[in-house]
Amino acid sequence: MTAARFDHERKRMTYTVGYIVGSLSRKSINRTLAVALSRLAPPDLRLTEIPIGELPLYSHDHDSSYPAVAREFKDAIEAADALLFVTPEYNRSIPGALKNAIDWATRPYGSNVLNGKPSAIIGASPGPISTAVAQQHLKTILSFTDSPVMGQPEAYIQFTKGLIDEGGDIQVPSTAAFLTEYLRAFAVHIRRHHDHPAGHRRHTVAERAQGRQDGVETPPYRP
């Protein structure tokens with residue numbers, strides 16, 4: 001295959017984005033936003049939910065006998081090309097359910113599936129500052145897990161009545177245009193990390209083992 005042909009095929013590649021909704025509520029406005037984003041996504045992104053509602057509370061005791069639901073959760077993350085976190089803000093931070101899911105994703109020791117996985121964050125709230133503080137906390141957490149988070153554009157959505165209809169379509173043209181550009185930027189972010197993996201990529205099993213020797217991997221939780 002010629003270099004030009006390879007570049008053409010690369011540009012046509014479709015990436016699977018696993019989205020994680022931080023709220024467990026079936027009526028969550030962030031779940032509604034996630035559905036709308038799925039409908040707005042460009043052709044090179046395919047959004048699919050990775051549910052977190054059935055995960056038990058993480059405990060170090062589970063590491064020796066990992067629950068099937070947690071294995072399925074980690075497998076879904078592994079299968080995705082990137083992750084999109086769609087989260088509300090609870091008490092100026094992320095919901096406990098989302099933090100719990102991230103803890104499961106990074107354990108047992110040496111099996112962090114967020115490592116090198118491109119990600120982005122977005123959130124909706126009825127308030128004018130939306131989910132800004134929660135998103136900053138989440139960026140800190142994801143940075144520690146070594147997930148390259150898209151820095152710009154940031155997306156803090158004030159969820160107002162009529163913003164999204166029952167079919168999942170955004171009814172405010174300026175918001176639809178902004179979110180369309182946000183998703184296009186995310187596609188570029190994903191492509192950058194998949195096309196140039198040397199700068200930031202998933203580590204191999206051998207590299208993870210070396211990381212443990214060097215103290216690079218996140219240390220195991222202690223009960």
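**Fold, nonpolar cores and backbone geometry**

Read from one end of the sequence to the other, the protein follows the pattern α-β-α-β-α-β-α-β-α-β-α-α. The model is a predicted one, and its secondary structure comprises seven helices and five strands. Of the 223 residues in the protein, 46% are buried. Contacts reach well along the chain: among those with a separation of 6 or more, 80% are between residues 24 or more positions apart. The accessible surface amounts to about 11400 Å², and carbon and sulfur atoms account for 54% of it.

We may turn next to the interior. In soluble globular proteins, nonpolar side chains tend to be buried together. Here, the largest nonpolar core holds 31 residues, and the members touching the most others are Leu-33, Leu-45, Leu-84, Ile-122 and Phe-186. At least two residues of this core come from each of strand 1 (15–21), helix 2 (29–40), strand 2 (45–49), strand 3 (82–86), strand 4 and helix 6 (173–195). Helix 6 provides the largest share, with seven residues. Another core, of 25 residues, lies apart from this one and includes Ile-50, Leu-98, Ile-102 and Leu-142.

Ile-122 offers a helpful view of the packing around one of the best-connected members of the largest core. Leaving aside residues up to four places away in sequence, Ile-122 touches Leu-33, Leu-37, Leu-84, Phe-85, Val-86, Thr-87, Gln-135, Ala-155, Ile-157, Leu-179 and Tyr-182. Two of these partners, Leu-33 and Leu-84, are themselves listed with Ile-122 among the members that touch the most others.

The backbone also has some points that reward a closer look. Most residues other than glycine have a negative phi, and most peptide bonds are trans. Two peptide bonds that precede proline are cis in this model. One joins Arg-107 and Pro-108, with omega about 0°; Pro-108 sits in the loop between helix 4 (96–105) and strand 4 (119–125). The other runs from Gln-152 to Pro-153, with omega near 0°, and Pro-153 belongs to the loop between helix 5 (132–144) and strand 5 (156–158).

Positive phi values occur at Ser-130, where phi is near 50°, and at Asp-146, where phi is near 70°; neither residue is a glycine. Ser-130 is found in the loop between strand 4 and helix 5, whereas Asp-146 is placed in the loop between helix 5 and strand 5. Their surroundings can be set side by side: Ser-130 counts as buried because its relative accessible area is 4%, under the 20% cut-off, while Asp-146, at 28%, is partly exposed.

Conventions. Residues numbered from 1 in each chain as written. Heavy atoms only, no water. Helix = DSSP H or I, 4+ residues; strand = E, 2+ residues; numbered from the N terminus. Buried < 20%, exposed > 50% of the residue type's maximum accessible area, 1.4 Å probe, protein only. Core = buried A, V, L, I, M, F, W, Y, C linked by side-chain atoms within 4.5 Å. Contact = heavy atoms within 4.5 Å. Areas by Shrake-Rupley, 256 points an atom, 1.4 Å probe, with all protein chains shown as cover.
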